[in-house]
Every structure is written in C-alpha cells, then in structure tokens.
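Hi everyone, thanks for coming. I'd like to walk you through a structure that is probably new to most of you, so have a look at the screen.

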Amino acid sequence: MSNLNQSLGEFIIENQNEFKYSSGELSRLINSIRLAAKMVNHKVNKAGLVDIVGKAGDTNIQGEDQQKLDVYANDVFVNGLVNREIVCGIASEEEDDFLSIKGRKGKNENKYVVLIDPLDGSSNIDVNVSVGTIFSIYHRISEVGTPVQLEDFLQPGNKQVAAGYIVYGTSTIFVYTTGHGVNGFTLNPAIGTYYLSHPNITFPDKGNIYSVNEGNYVHFPQGVKDYIKYCQKEEEDRPYTSRYIGSMVSDFHRNMLKGGIYFYPQTSQSPNGKLRLLYECNPLAFIAEQAGGKASDGFGRILDIKPTELHQRVPFFSGVKSMVEKAEEFMAHY
Ligand code: AHG
Ligand code: MN
Ligand code: MN
Ligand code: MN
C-alpha cells in the first residue's frame with residue numbers, strides 16, 4: 001500500500017451517491033466514527049505506558065467487569081456522535097439503556113441511530129492482543145420531530161444502512177459497508193489518515209480455519225460437537241486449522257481474509273450464547289453477506305431476526321458461505 005492510495009475521506013465523498021438516504025449526513029456520520037476510532041487507537045497504543053489497563057471498577061448491564069478502555073472508548077464514541085446534527089439515538093453494550101439526542105434547538109430532527117460495541121475483546125487489552133470496535137447504523141423509523149423510540153433500535157439487521165468495524169491490531173484497519181460491498185482502510189499513524197488498502201473484500205470460496213472457544217465443548221449442543229469433530233476429521237481438505245483470538249472482530253477479520261468460520265454457539269448454561277445481536281452480530285452479519293459470506297444463528301439468517309430487546313444475545317456462526325452451511329446441516333440434525 002502506498003500513501004498515493006485513496007484516503008477514506010476521499011472514498012466517502014466519491015461513493016456517497018450509493019447511500020440510500022441523505023448522503024451528506026451519512027458521510028458525516030461515518031467521518032465522526034473514523035475520527036473517534038483514531039482517538040481510541042491512540043489510547044489503545046499507549047496501554048501499558050499510561051494507567052489505562054485493568055478494570056474500571058463497575059459492572060455493565062451484560063454482567064461483565066468493565067475495563068477502563070471499555071469506558072474510555074464508550075465515552076469517545078458517544079461524545080463524538082452526540083454533538084453532530086445527525087444522530088437521534090445511541091445504544092451501546094456499555095450503557096444500560098439507549099441515549100436519546102434531541103439535536104438542534106431540541107427539535108428531534110436527527111435521522112440516524114447508531115449501535116456500538118465500543119471495545120470488542122476487552123479481556124485482551126491487558127495482554128497486548130488485538131481489540132476492536134463494531135458499529136451499526138440505521139435510519140430511524142419513528143417520526144422525525146419526536147424523540148427517538150426503542151423501536152428505532154430494534155429493527156432487524158436487514159434494515160442497516162451501514163455497518164463496520166475497526167481492528168486495533170498490528171496495524172489499525174477500518175472496514176465498512178453501506179450495502180455496496182466491503183472496503184478496508186489502513187491507518188497511517190504518522191499522518192493520521194486511513195488509506196484504501198483492501199478494496200472490495202470478499203471471502204474466499206473455501207476455507208480451512210475454524211474459530212470457537214473449545215473450552216466450552218462439553219456444554220455445546222450435539223450439532224456443534226459433531227461439526228467440530230467434522231472440522232478435525234482427516235478427510236478431503238480437512239482437518240481444518242484452529243484459530244481463536246477471543247476478540248470476535250479480529251477472528252472475523254482473519255477469517256474473512258483467509259477463509260474460515262467463527263462460531264459462538266449456545267451452551268447448556270447460556271441458551272442464546274454470549275454475543276449481542278445488535279452490537280456484534282448484526283453488523284458483522286451485514287459485512288459477511290456483503291463480502292459474499294454468510295451469518296446464521298445455526299438455523300437461519302441473523303439479519304432476519306426481529307430483535308425484542310437491546311441487549312439480546314444470539315448464537316452466531318459466520319464466515320465462508322459453504323462452511324456456515326455445513327455447520328447448519330449439523331445443527332439441523334438435532
Ligand atoms: P466484549 O469484549 O465486547 O464484551 O466481547 C467479547 C466477546 C467477543 O469479542 C469474543 O469473541 C468473545 O466474547 C470471547 O468470549 P469467550 O472468552 O467466552 O471465548
Ligand atoms: Mn464486554
Ligand atoms: Mn464484543
Ligand atoms: Mn465490548
């Protein structure tokens with residue numbers, strides 16, 4: 001990649017005619033996310049040098065210990081979004097309830113809602129392993145001029161107008177879609193600009209990586225156990241190789257580029273799994289489909305699920321289309 005590549009800013013302007021709704025606003029919204037991501041990136045890079053690793057001392061609505069960087073990243077994204085005249089509401093993994101933003105003169109005229117996982121993989125911060133941010137954007141369905149409603153956040157994933165993620169890894173990459181394919185932009189930290197490094201990303205047709213927390217094996221449903229055994233069997237192009245970082249955004253990103261499947265199934269203790277439909281699964285499902293991959297709850301399409309609550313959890317299988325279909329075949333036996 002050279003710095004002569006197109007910058008993310010240029011790319012957004014050149015492609016804004018593809019946006020479904022008012023193009024200028026969505027462009028500005030994505031701009032504010034890329035800016036907030038730069039701030040989080042700057043902070044993540046200093047982990048270990050300044051006092052930002054470790055627990056913040058609170059528990060979030062998910063029942064998880066919040067890390068200092070969970071709180072910091074949440075604040076940066078929320079602050080970066082509230083002061084622009086675009087977003088009428090934000091829902092976050094780290095907030096109990098959605099935030100309502102009245103906008104200019106308190107008129108409730110802003111049109112978009114944003115749902116975020118401000119810091120994904122936060123258990124990895126303290127040990128210098130990749131973390132990320134995931135975001136999802138919808139056009140409101142409640143009437144403009146009235147306060148944002150819960151229903152604006154509970155739209156099925158197939159209504160997303162944009163979704164993306166940032167991986168703060170060996171380099172920082174911003175990947176997003178507005179429903180016209182998936183593009184990735186790598187941050188040049190010296191000059192603070194993201195450049196188009198991964199145009200038009202697509203999953204390979206076949207893959208040989210499976211990513212799952214096998215420590216939960218005994219608690220998995222029989223279909224998942226059998227699928228894991230299938231992945232490990234010496235036959236045709238198998239056994240597959242096992243890779244699990246524990247930051248889903250990094251696991252997903254690797255599998256999209258190299259060819260693989262990521263799954264976080266239901267367990268006997270957690271019948272809906274662990275991952276959050278609105279902040280994690282829907283945005284990655286939108287990106288997966290836009291990149292020619294697939295995302296399923298083991299039985300059907302993630303993007304068609306009608307959410308019933310903000311912090312809803314769902315089993316999640318995503319990656320190369322044929323691999324997810326094979327996992328679904330095993331699930332269907334039980
Ligand atoms: P978060 O850090 O946003 O709470 O998400 C953690 C998620 C996901 O990133 C990861 O794949 C998964 O939890 C790991 O869970 P296990 O430690 O149970 O494998
Ligand atoms: Mn968390
Ligand atoms: Mn997460
Ligand atoms: Mn998180």
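I'll go through the sheets, the helices that go with them, the core, the ligand and a few odd spots in the backbone. One thing up front: this is a predicted model.

Okay, sheets. One of them is open and has eight strands, in the order β4-β3-β5-β6-β7-β8-β9-β10, with mixed pairing. At its edges you'll find β4, residues 99-100, and β10, residues 193-198, and each of those pairs on one side only. Zoom in on β6, residues 131-139, and β7, residues 162-168: these two are antiparallel and share seven bridges. If you want one pair to click on, take S136, whose bridge partner in β7 is A163.

Now, what packs on this sheet? Helix α6 does, touching β5, β6, β7 and β8, and its direction makes about 100° with that of β7. How many of the eleven residues of α6 are buried? Eight of them are, so this helix, residues 248-258, is largely enclosed by the rest of the structure. The buried ones are M248, V249, S250, D251, F252, H253, N255 and M256. Right after α6 comes G259, and its phi is positive, near 100°.

On to the other sheet I want to show you. This open sheet has five strands, ordered β12-β11-β13-β15-β14, and again the pairing is mixed. The edge strands here are β12, residues 241-242, and β14, residues 294-296, each pairing on one side only. Inside the sheet, β11 (209-211) and β13 (260-264) run parallel and are joined by three bridges. Y210 is the one standing opposite I261 in β13. And lying across β14 and β15 there's helix α7, which runs at about 145° to β14.

Keep I261 in mind for the core. In general, nonpolar side chains in soluble globular proteins tend to be buried together. Here the largest nonpolar core has 90 residues, and the ones with the most contacts inside it are V87, Y112, V113, V114, I261 and C281. Which helix gives the most to this core? That's α7, residues 277-290, with nine residues. Take V114 as an example: if you skip its neighbours within four places in sequence, it is in contact with L81, V87, I90, F135 and I137.

Next, the ligand. Around ligand 1 sit E64, E93, D117, D120, G121, S122, N213, G246, S247, M248 and K274. By type, that shell splits into five charged, five polar and one nonpolar. You've met M248 already, as one of the buried residues of α6.

Last stop, the backbone oddities. The peptide bond from R238 to P239 is cis, with omega near 5°. You'll find P239 in the loop between α5 and β12. E236 lies in the loop between α5 and β12 too, and its phi is positive, near 50°, in a residue other than glycine. N108 is another non-glycine residue with a positive phi, near 55°, and N108 is in the loop between β4 and β5.

So are these two buried or exposed? N108 counts as buried, because it has 20 C-beta neighbours inside 10 Å. E236 has 5 other C-beta atoms within 10 Å, so it is exposed.

That's my tour, thanks for listening.

Technical notes:
Residues numbered from 1 in each chain as written. Chains lettered and ligands numbered in written order. Predicted model: local features only at pLDDT ≥ 70, side-chain atom pairs only at ≥ 80, totals over all residues. Near = placed C-beta within 6 Å. Nonpolar A, V, L, I, M, F, W, Y, C, P; charged D, E, K, R; others polar. Buried ≥ 20, exposed ≤ 12 C-beta atoms within 10 Å, placed from the backbone. Helix = DSSP H or I, 4+ residues; strand = E, 2+ residues; numbered from the N terminus. Core = buried A, V, L, I, M, F, W, Y, C linked by C-beta atoms within 7 Å. Contact = placed C-beta atoms within 7 Å. Pairing = 2+ DSSP bridges. Axes fitted to C-alpha atoms, helices over the stretch in contact; angles between N-to-C directions.
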